[in-house]
Amino acid sequence: MAPDPHRGAAAGTPLTLLYFGDTQNKNVSLGTRVLREAMRQAPDARLALFAGDLVSGGDGEDDTEWGEWFEAGGALPTSMVVAPAAGNHEYFEEFEDTPRERRVLGPHWPLQFALPGNGVAGAGSTTYWFDYQDVRVVVLDGTSALDLGTAQAQAGWLDVVLAASPARWNIVVVHQPFHSPRAARDNVLLRKHLLPVIRRRHVDLVLQGHDHVYARRSGEDGGDTPVFVVSVAGPKQYRLSTGAHTRMAPVGEDTQLFQVLRVDGPNLRYEARTATGHLYDAFELVREGAATRRVELAEGRIAPRTCGRAKTLKGRADRCWE
Ligand SMILES: [Fe+2]
């Protein structure tokens with residue numbers, strides 16, 4: 001089902017929604033169990049947000065990957081609203097390895113998802129917003145911002161969309177993280193143009209992917225919000241940077257995860273769970289007047305997980321694939 005700009009039950013009705021970081025690889029053999037466990041943990045979920053990189057092969061190159069993605073989802077994409085961000089793998093390189101090389105959105109994207117079409121000029125099919133009960137969800141296109149020069153335009157659009165939000169909770173979804181937890185990645189343009197808007201408009205939660213690890217942090221000023229989450233649903237796993245180990249908590253490697261968010265009036269409860277349903281991370285945001293307090297929920301969490309393989313200088317041996 002497609003997200004409509006205004007849908008769901010009346011405002012004030014409790015809402016359960018799901019979030020999935022990159023699914024990307026082996027969707028049927030190893031992605032299915034994550035989506036299935038999410039539905040088992042939250043059978044009342046009405047909305048599913050996806051970080052992008054739903055498939056891997058450079059969108060348009062391999063139609064069977066999209067077939068796999070829908071097969072892996074089973075009843076999920078036909079029983080609840082699905083709102084995906086576009087990742088870099090939804091793009092392909094036109095004129096690759098020539099001076100004219102550029103990223104182009106693959107032909108599958110506009111056909112797979114009927115999105116609201118209310119995005120910013122220049123990234124109209126990959127940016128959008130909608131309200132679902134007490135939540136405004138704004139989806140950005142990090143690839144377009146970083147590689148196609150739309151960061152400033154997206155920031156201006158985001159500012160207008162958030163300023164007009166009547167919702168109690170505001171969630172932003174973007175594929176590339178504002179604060180990358182992976183070594184040698186730094187999305188400077190996102191922080192330069194979009195982060196000031198995220199902070200000024202008091203976004204509660206920023207849901208991200210791309211780095212194939214788990215990492216959570218809050219704002220640079222130590223405030224309780226916005227909460228920035230990087231997660232991965234699929235089996236492809238990378239390593240955390242040294243900085244992520246010191247500036248983010250909890251973090252995780254080598255772990256397929258999904259998120260369950262329960263929104264009920266002034267409370268937003270967040271859980272990250274493993275493919276087998278174990279609790280990996282949890283907190284609650286509590287709205288108190290104009291302020292938002294974050295309450296850590298440490299009880300029942302399993303121990304932080306890291307890749308057990310010996311580190312290598314580079315290459316796939318260092319990635320902790322499944
Ligand atoms: Fe990515």
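Two residues are in contact when heavy atoms of theirs lie within 4.5 Å of each other. Keep that in mind as we walk through this structure, which is a predicted model.

Let's start with helix H6, which runs over residues 151-163. Its 13 residues reach 18 Å from the first C-alpha to the last, close to the 18 Å expected at 1.5 Å a residue. Which residues of H6 are buried? They are Ala151, Gln154, Ala155, Trp157, Leu158, Asp159, Val161 and Leu162. The elements that cover these buried residues include strands S7 (128-132), S8 (135-139) and S9 (169-173), along with helices H5 (142-147) and H7 (188-200).

Now look at helix H2, residues 63-73. Here the buried residues are Glu65, Trp66, Trp69, Ala72 and Gly73. Seen down the axis of H2, they fall within an arc of 120 degrees, so they line one face of the helix. A general rule helps here: an α-helix has 3.6 residues a turn, so residues three or four places apart point the same way. On the face of H2 turned away from the buried side you will find the exposed residues Asp63, Thr64 and Glu71. Covering the buried residues of H2 are, among others, helix H1 (27-41), strand S3 (47-50), helix H3 (76-79), strand S4 and helix H4 (109-112). After H2 comes Gly74, with a positive phi near 55 degrees.

Next, find the iron ion. Which residues are its protein donors? Asp53 donates through OD, Asn88 through OD1, His175 through NE2 and His210 through ND1, and these donors lie 2.1 to 2.2 Å from the iron ion. Along the sequence, the donor residues are spaced D-x34-N-x86-H-x34-H. Asn88 sits in the loop between strand S4 (81-84) and strand S5 (91-94), while His175 sits in the loop between S9 and H7, so this pair ties together parts that are 87 residues apart in sequence. Are these two residues buried or exposed? Asn88 has a relative accessibility of 14%, so it counts as buried. His175 is buried too, with a relative accessible area of 0%.

What about the geometry around the metal? For comparison, ideal angles are 109.5 degrees for four tetrahedral donors. In this model the angles among the 4 donor atoms of the iron ion run from 86 to 168 degrees, and the site is irregular.

A further link comes from cysteines. In general, a disulfide is a covalent bond between the sulfur atoms of two cysteines. How many disulfides does the structure hold? There is 1, formed by Cys307 and Cys320, whose sulfur atoms are 1.6 Å apart. The link of Cys307 and Cys320 is right-handed, with 85 degrees about the S-S bond. Both cysteines lie in the segment after strand S17 (291-296), so the pair ties together parts that are 13 residues apart in sequence. Cys307 counts as buried at 7% relative accessibility, and Cys320 counts as buried at 2%.

Our last stop is Pro250, in the loop between helix H8 (242-247) and strand S13 (251-252). Its relative accessibility is 13%, so Pro250 counts as buried. Leaving aside residues up to four places away in sequence, Pro250 touches Tyr214, Ala215, Arg216, Tyr280, Asp281 and Arg301. Pro250 and Ala303 are 53 residues apart in sequence, and their C-alpha atoms are 9.6 Å apart in space.

Key: Residues numbered from 1 in each chain as written. Predicted model: local features only at pLDDT ≥ 70, side-chain atom pairs only at ≥ 80, totals over all residues. Heavy atoms only, no water. Helix = DSSP H or I, 4+ residues; strand = E, 2+ residues; numbered from the N terminus. Expected span 1.5 Å × (residues − 1). Buried < 20%, exposed > 50% of the residue type's maximum accessible area, 1.4 Å probe, protein only. Donors = N, O, S within 2.8 Å, 3.2 Å for Na, K, Ca; no water. Tetrahedral: all angles 85-135°; square planar, octahedral: opposite > 155°, others 65-115°. Disulfide = S-S within 2.5 Å. Arc of directions from axis to C-beta.
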